[in-house]
Amino acid sequence: MKKLLALVLALTLCLGIASAFAADKVGVSMPTQDLQRWVQDGENMQKELEANEYEVMLTYSANNVATQVADLENMITNGCKVLVVASIDGGALGDVLAKAKEAGIMVIAYDRLLMGTDAVDYYATFDNYKVGTIQANFIKEKFDLDADDGKTYRMEVFAGSPDDNNALYFYNGAMDALKPYIESGKLVVPSGETEFNTCAILGWGTDDAQARMDNLLAKAYTDGSFPDLVLSPNDSLAMGIANSLEAAGCPLDSFPVITGQDCDKANMKNIIAGKQSMSVFKDTRTLAAQVVEMVNYYLLGEEVPVNDTTTYDNGVKVVPSFLCDPVFADINNYTELLIDSGYYTPEDLGL
Ligand code: BGC
């Protein structure tokens, strides 16, 4: 009997020690592998977390909300202490996040805010409004919009997915700066479509952006001309817009100015080829490092670093956020920004 007791005690002790040394498990839920940026986000998160000795459960949900819910449920069942979630539809995860909260799991909204829930603890992203401002400032400078030279320019407007809270920030950041020029007549929108809802592309799809650009050309450019500029919130839409213009026979030397965001490889190739004018670099290494720091502080029971406690209201609470800085990228600085920094190899960009 004594022997048995000793054995049980020894076993309990071993298990205790083992669990004290077992790595904390962190779940990382990414929306899709279709878009390069999310693959990179996932890989960087995994690398950073593993370097900090966490065990990582990384999933991609094929842009399917039900799959993302199942992935998160799996992470909860598997004992994750922290969930890092880049949502497909920011408002569709309330129930599963409530379960996480009940289980005492910390939830960080990654890049996109989780809406309508009190079960999100922190938000880590890039300054989304500033992304739009950077795009608008580029357009202002490129066309010298403040010049009193009697020139006018024809513009079309695209916006991101309405189920992604970021999309409105991108739109507002850009349109707050550009609307005065539309009102003064310096910028003309031949299609007449400028409202967020009319310009939005659900799901951020390249093909859908291409189809809308085809429609705009058929509707408002019947003389075979092309716009001078197209405001695109990100690279996946910019790609569709460029594809449409190319298919419609737009000559390269008069290709419209097209904005973007993410510095995806295919879009950097388009910038080099003159089919896109700029992008916004959001270094996923920076965001991953920031999130891992937040996880570290949290698990050590210390105050989690944030730099914005007023902007991101998800309808239930203002979520304490850390905003990283987005950076302007174009043909003139991409080498330094993307290649010299080791983000891409020259081969990645077809160089
Ligand atoms: C991200 C962008 C991305 C877009 C489409 C947004 O939430 O912030 O970087 O281009 O989603 O995936």
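A disulfide is defined here as a pair of cysteine sulfur atoms within 2.5 Å. The structure is a predicted model, in which local features need pLDDT of at least 70 and side-chain atom pairs count only at pLDDT 80 or more, while totals for chains, interfaces and linings use all residues. Residues are numbered from 1 along each chain as its sequence is written, and side-chain values use heavy atoms, with hydrogens and water left out.

Under the sulfur distance rule, the model contains 0 disulfides. The cysteine sulfur closest to that of C199 belongs to C250 and lies 20 Å away, which is too far for a bond. C250 is likewise in no disulfide, its nearest cysteine sulfur being that of C199. C199 has a relative accessibility of 0% and therefore counts as buried, a class that requires under 20% relative accessible area, against over 50% for exposed and values in between for partly exposed (1.4 Å probe, protein chains only). C250 is also buried, at 7%.

Empty space was mapped on a 1 Å grid over the protein atoms alone: a cavity is a set of points where a 1.4 Å probe fits but cannot get out, a pocket is an open set with protein on both sides within 12 Å along at least five of seven lines, and lining residues have an atom within 4 Å of a point. Grid points were joined across faces, edges and corners, and each volume is the space filled by probe spheres set on the points.

The largest pocket encloses about 360 Å³. Its lining comprises 23 residues, and L35, N63, G203, W204 and G205 lie nearest the centre. At least two lining residues come from each of α2 (36-51), α9 (235-247) and α10 (265-273); helices (H or I, at least four residues) and strands (E, at least two) are DSSP runs, numbered from the N terminus. The pocket lining consists of 7 nonpolar, 9 polar and 7 charged residues, where Ala, Val, Leu, Ile, Met, Phe, Trp, Tyr, Cys and Pro count as nonpolar, Asp, Glu, Lys and Arg as charged, and the others, Gly among them, as polar. Domain 1 (2-120 + 283-324) and domain 2 (128-281) each contribute at least three residues to this lining, with bounds taken from an automatic or database domain assignment.

The search also gave 2 cavities of 30 Å³ or more. The largest cavity has a volume of about 110 Å³ and is lined by 13 residues, with R37, W38, R112, W204 and N234 nearest its centre. W204 is thus named in the lining of both the largest pocket and the largest cavity. Helices α2 and α6 (165-184) each supply at least two residues of the cavity lining, which divides into 4 nonpolar, 3 polar and 6 charged. Each of the two domains provides at least three of the lining residues.

The second largest cavity measures about 30 Å³. Its lining is formed by Q135, F158, F170, Y171, A174, L231, S232 and P233, of which 6 are nonpolar, 2 polar and none charged. Helix α6 gives the most to this lining, with 3 residues.

An open sheet of 4 strands has the order β7-β6-β8-β9 with parallel pairing, two strands being paired if DSSP finds at least two bridges between them. Strands β7 (187-188) and β9 (257-258) form the edges, each pairing on one side only. Between β8 (residues 229-231) and β9 the parallel pairing runs over 2 bridges, and V230 stands opposite I258 in β9.
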